Amino acid sequence: MPDFGDGLAQGPDLLAAAETAVAAATAPLHGRRPDLLSVFVSHPDPDVAASAGQRAMEIAGATTSFGCRASGVIADGRGVEDTPAVAVWAASLPDVRVTPYRLQAARHEGGISVGGMPVPAEDDAVAVLLADPFTFPAQGFVEQSDSALGGLPLVGGLATAPVGTTALGPSRPAPGGARLFLDGEVHERGAVGVLLGGKVGVRTLVSQGCRPIGPTMTVTAAEGAELHALAGMPAYRKLEEILRDLDDDDRELVLRGLHLGIAMDEYADSHGRGDFLVRGVVGADEDTGAVTVGDVVEVGRTVRFHVRDATTAGEDLDALMAMSGEDGPVGGALLFTCTGRGRLMFGEPDSPTGGASHDVRAVRRGLAPRVAGFFADGEIGPVGAKNHVHGFTASVLAFDE
């Protein structure tokens with residue numbers, strides 16, 4: 001029977017924090033060596049983060065260990081943002097095969113190639129991927145992963161360094177800050193991960209946290225990411241029509257950020273929440289009548305506009321937890337949640353919505369008692385049986401008891 005543990009420790013002495021987090025995560029394993037260890041470290045100095053990650057891997061003595069530096073980490077029922085901290089998740093997985101891998105990208109005349117991915121075995125169930133977005137083509141790799149991995153679900157996130165502060169405000173993550181952990185070593189480029197196979201019971205969940213508004217529509221004219229006509233009307237005019245029918249609260253949410261859902265099953269009788277791949281609307285041009293989306297949308301696809309807020313995001317995650325819980329008990333889970341789903345969406349830690357701890361509390365409450373992960377700058381997970389890189393989502397890999 002598998003066992004799981006998680007631990008989180010903060011403080012200026014990050015090596016001591018790593019030791020404390022490992023001790024807490026491995027205690028529920030009752031002296032058994034972890035088969036799989038995940039380590040996530042937040043610190044403004046990448047070298048300090050690397051040392052803490054190495055220390056955690058060294059003292060845990062896991063058969064396989066992986067992880068990364070991040071802007072925020074999650075464990076012990078808490079999410080910690082932009083604060084030095086170490087989160088550790090440990091699992092004893094009898095009869096489960098864990099295959100670690102490291103991926104590197106190389107440029108050549110034909111484009112970019114990726115090397116290092118092992119060939120999945122017939123009984124592999126899932127792959128986990130942690131990538132540096134500056135040195136690894138995560139979007140392209142994930143888009144091609146369905147064929148490259150033989151249809152395996154892929155879960156994970158893009159590792160982000162802690163965001164600094166400048167005279168102009170918070171800075172964006174910059175190249176060179178990534179630290180990826182794999183089996184005692186630290187890497188500054190590429191991606192790391194594991195394949196899980198054998199007698200492993202896992203399930204994947206992706207909460208996009210959006211609510212549909214307006215009707216479902218067919219794309220009747222489009223070019224690349226530009227929608228020119230929806231349901232036979234210029235896309236801009238159709239959007240105006242939908243906005244006129246909204247109440248004041250929903251109009252305010254549209255002003256904060258509008259999204260478009262692309263139906264994953266064109267043949268479904270109806271499409272509601274959770275049936276769409278959600279992408280951001282990045283522009284609308286009254287003169288041309290076009291609406292621009294952050295993805296290519298083909299003519300004939302079924303789409304629907306969406307909005308997002310803290311209430312919707314919380315309800316969506318809770319609903320997914322409830323549905324997954326019907327499939328049986330879960331012992332542990334890895335959680336990859338967006339940097340935008342911490343204080344920015346759910347308020348301060350003591351707010352009613354729970355601040356940075358909202359998502360981990362929801363997963364613990366509705367699914368698994370032992371949860372760890374990190375705040376990512378892009379979350380990886382399957383929607384509609386196809387792997388995608390998402391934004392503002394919570395992607396979960398849950399392990400059956």
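# Exercises on a Predicted Structure

R97 has a relative accessible area of 32% and is partly exposed. The model examined here is predicted. The exercises begin with R97 and then turn to other parts of the chain.

## Exercise 1

Determine which residue forms a salt bridge with R97 and which strands the pair ties together.

**Solution.**

Step 1. The partner of R97 is D124, and the closest N and O atoms of the two are 2.9 Å apart.

Step 2. This distance satisfies the criterion, because a salt bridge requires a side-chain nitrogen of Lys or Arg within 4 Å of a carboxyl oxygen of Asp or Glu.

Step 3. D124 belongs to strand β9 (residues 124-131) and R97 to strand β7 (residues 96-108), so the salt bridge ties together parts that are 27 residues apart in sequence.

Step 4. The relative accessibility of D124 is 9%, so D124 counts as buried. R97, with 32%, is partly exposed.

Step 5. A search of the whole structure gives 22 salt bridges.

## Exercise 2

Locate F399, classify F399 as buried or exposed, and state how far F399 is from R97 in space.

**Solution.**

Step 1. F399 is placed in strand β29 (residues 394-400).

Step 2. Buried means under 20% relative accessible area. F399 has a relative accessibility of 2% and therefore counts as buried.

Step 3. In sequence, F399 and R97 are 302 residues apart, while their C-alpha atoms are 14 Å apart in space.

## Exercise 3

Describe the salt bridge between E286 and R237 and the one between E252 and R256, giving the place of each residue in the chain.

**Solution.**

Step 1. The side chains of E286 and R237 form a salt bridge with an N to O distance of 3.7 Å. This pair links distant parts of the chain, since E286 is in the loop between β22 and β23 (290-293), R237 is in helix α4 (residues 235-244), and the two are 49 residues apart.

Step 2. Both residues are partly exposed: E286 has a relative accessible area of 44%, and R237 has one of 32%.

Step 3. In the salt bridge of E252 with R256, the closest N and O atoms are 3.7 Å apart. The two residues lie 4 residues apart in helix α5 (residues 248-256), and therefore about one helical turn separates them.

Step 4. E252 counts as partly exposed at 39% relative accessibility, whereas R256 is exposed with a relative accessible area of 62%.

Step 5. A network of salt bridges is also present, and E19, R55 and E58 are linked in it.

## Exercise 4

Establish how many residues of strand β21 are buried and which strands pair with β21.

**Solution.**

Step 1. Strand β21 (residues 259-263) is mostly covered, with 5 of its 5 residues buried.

Step 2. The cover extends to both faces of β21: H259, G261 and A263 are buried on one side, and L260 and I262 on the other.

Step 3. β21 pairs with β22 in the antiparallel sense over 5 bridges. Within this pairing, G261 stands opposite V278 in β22.

Step 4. β21 also pairs with strand β24 (residues 302-307), again in the antiparallel sense, over 4 bridges. Here L260 stands opposite F305 in β24.

## Exercise 5

Name the residues of the patch of negative charge on the surface that includes D285, and classify D285 by its accessibility.

**Solution.**

Step 1. The patch of negative charge is formed by E223, E226, D285 and D287.

Step 2. D285 is part of strand β22 (residues 276-285).

Step 3. The relative accessible area of D285 is 32%, so D285 is partly exposed. A residue of a patch must have over 30% relative accessible area.

## Exercise 6

Describe the hairpin of β4 and β5 and state which residue in it takes a positive phi.

**Solution.**

Step 1. Strand β4 (residues 72-75) pairs with strand β5 (residues 78-81) in the antiparallel sense over 4 bridges.

Step 2. G72 stands opposite E81 in β5.

Step 3. The hairpin has 2 residues between the strands, and in it D76 takes a positive phi near 55°.

## Exercise 7

Classify V86 as buried or exposed and give the separation of the C-alpha atoms of V86 and A70.

**Solution.**

Step 1. V86 is in strand β6 (residues 85-92).

Step 2. The relative accessibility of V86 is 0%, so V86 counts as buried.

Step 3. V86 and A70 are 16 residues apart along the chain, and 9.8 Å separates their C-alpha atoms.

Definitions and conventions:
Residues numbered from 1 in each chain as written. Predicted model: local features only at pLDDT ≥ 70, side-chain atom pairs only at ≥ 80, totals over all residues. Heavy atoms only, no water. Patch = residues over 30% accessible without salt bridge, like charges linked within 9 Å, V, L, I, M, F, W, Y side chains within 5 Å. Areas by Shrake-Rupley, 256 points an atom, 1.4 Å probe, with all protein chains shown as cover. Lys, Arg positive; Asp, Glu negative; His and termini not counted. Charge placed at Lys NZ, Arg CZ, Asp CG, Glu CD. Buried < 20%, exposed > 50% of the residue type's maximum accessible area, 1.4 Å probe, protein only. Pairing = 2+ DSSP bridges.
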